[in-house]
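Here are my notes on this model, set out as numbered points. Please read them with the coordinates open.

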Amino acid sequence: MYSINNFSKNGIAFPLKLRNQFSDQELSDSYINFQKECAKKLGHSVSLKPNILSTFFDKLAFDENILNEVRKLIGDDIYIWSSAFFPKLPNEGKMVSFHQDKPYWQLSSSNVVSAWIALTKSKKKSGALCVIPESHKLGLIGKIDVTNARNSYLKGEKTTEKNDLLSYKQDLSKYLKKNKPICIELNPGEYSIHHVNLVHGSGVNNSDEPRIGFVVRYISSETKHIIEKDRDGAIHVSGKKNNYFSDEERPSESFSEKSILSYERAMKTTGAFGNKKYVSER
């Protein structure tokens, strides 16, 4: 029902499987070990663009099963614009309020999809991704509560509640009253793909196990950021290149000096969403 063949109707496809097969333990350990190395090499945790630092997460981002599905949706000319972890520990209280990605990301086209990869079980009880199918057809449903998301990210502003992993509010209350979300339950090694305009969010983790997702954002080559008009950074995947993008480098070795420098450069691009250290936390 929610296959890639029905993506134009639903704006979501799941469950899909990675080509590279890993054990459940390998997937969950990948996140834990990655953050240990971040603490050792960088002195802090990393949530954005981990694939630039880690060959493991680079391999996930370039998984051929994912890329084959992405090509069906946005064509052969592809860049990886961003990636991120979405971790929720048991009873931590973290959630993501319902929203559409496009007003936050400020990209010039809708040829943008996100692959949400489960590193652990992602079930309704543990705060799985929930979506409203077909909502991507409606355009912008509600405005966000900042004038310019890019500028607000750079300033470290946050208007949502402290436990919300989203930075700004998008008022979808009327729409949500009339439209019921479905939960995307995934096992480790499975993934979903959703459209940039699809309404989605997730609740708190009420289970006894962590819920960890790794999300990769793929864009078509002609897509640009509407605020940063001169230059941006992204990883070229296939097809035509765009001179608008400076090529971000894939790591040949995890946490090498070269990959750390590449990561530091990448954190200045729009796909890094500016400064995630909020003013209120400084």
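1. I start with one half of a cysteine pair: Cys 183 is partly exposed, with a relative accessible area of 26%. Its partner, Cys 130, is buried at 10%. Here buried means under 20% relative accessible area, exposed over 50%, and partly exposed in between, with a 1.4 Å probe and protein chains only. The sulfur atoms of Cys 130 and Cys 183 are 2.4 Å apart, and the two residues form a disulfide (a pair of cysteine sulfur atoms within 2.5 Å). The structure holds one such link. Cys 130 belongs to strand β5 and Cys 183 to strand β6 (residues 182-183), so the pair ties together parts that are 53 residues apart in sequence. The link of Cys 130 and Cys 183 is right-handed, with 50 degrees about the S-S bond. Another cysteine, Cys 38, is buried, at 0% relative accessibility.

2. On the basis of the values: this is a predicted model, in which local features need pLDDT of at least 70 and side-chain atom pairs count only at pLDDT 80 or more, while totals for chains, interfaces and linings use all residues. Residues are numbered from 1 along each chain as its sequence is written, and side-chain values use heavy atoms, with hydrogens and water left out.

3. The sheet is open and has seven strands in the order β1-β7-β4-β9-β2-β10-β11, with mixed pairing. Strands are DSSP runs (E, at least two residues), as are helices (H or I, at least four), and both are numbered from the N terminus; two strands pair if DSSP finds at least two bridges between them. The edges are β1 (12-17) and β11 (245-247), each with a single partner strand, so one side of each is left without a neighbour in the sheet. On average, neighbouring strands of this sheet are turned by 35 degrees against each other, direction ignored. Helix α2 packs on the sheet and touches β2 (78-88), β4 (112-118) and β9 (211-220); the direction of α2 makes about 90 degrees with that of β2. Contact means heavy atoms within 4.5 Å. Axes are lines fitted to C-alpha atoms, for helices over the stretch in contact, and angles run from 0 to 180 degrees between N-to-C directions.

4. At one edge, β1 pairs with strand β7 (residues 190-195) in the antiparallel sense, over four bridges. Within this pairing, Ile 12 stands opposite His 194 in β7.

5. Which loop holds Gln 100? Gln 100 sits between β3 (96-99) and α5 (102-105), and it is buried because its relative accessibility is 0%. The side chain of Gln 100 reaches the backbone oxygen of Gly 139 at 2.8 Å. A polar atom of the same side chain lies 3.0 Å from the backbone nitrogen of Ile 141. A polar contact is a pair of N or O atoms within 3.5 Å; within protein, one must be able to donate a hydrogen and the other to accept it, and residues adjacent in sequence count only if both atoms are side-chain atoms. Beyond four places in sequence, the contacts of Gln 100 include Ser 135, Gln 170, Asn 197 and Val 199.

6. Thr 120 is in the loop between β4 and β5 (129-131) and is buried at 9% relative accessibility. A polar atom of the Thr 120 side chain lies 3.1 Å from the backbone oxygen of Pro 210. Residues in contact with Thr 120, neighbours within four places aside, include Ser 28, Leu 186, Arg 211 and Ile 212.

7. The whole structure has 12 salt bridges (a side-chain nitrogen of Lys or Arg within 4 Å of a carboxyl oxygen of Asp or Glu). In helix α2 (residues 24-41), Lys 41 and Glu 37 lie four residues apart, about one turn, and form a salt bridge with their closest N and O atoms 3.3 Å apart. Lys 72 and Glu 69 meet at 3.0 Å, N to O. Lys 72 is exposed at 56%, whereas Glu 69 is buried at 15%. Lys 241 and Asp 247 form a further salt bridge at 2.5 Å, N to O. A network of salt bridges links Lys 9, Glu 134 and Lys 137.
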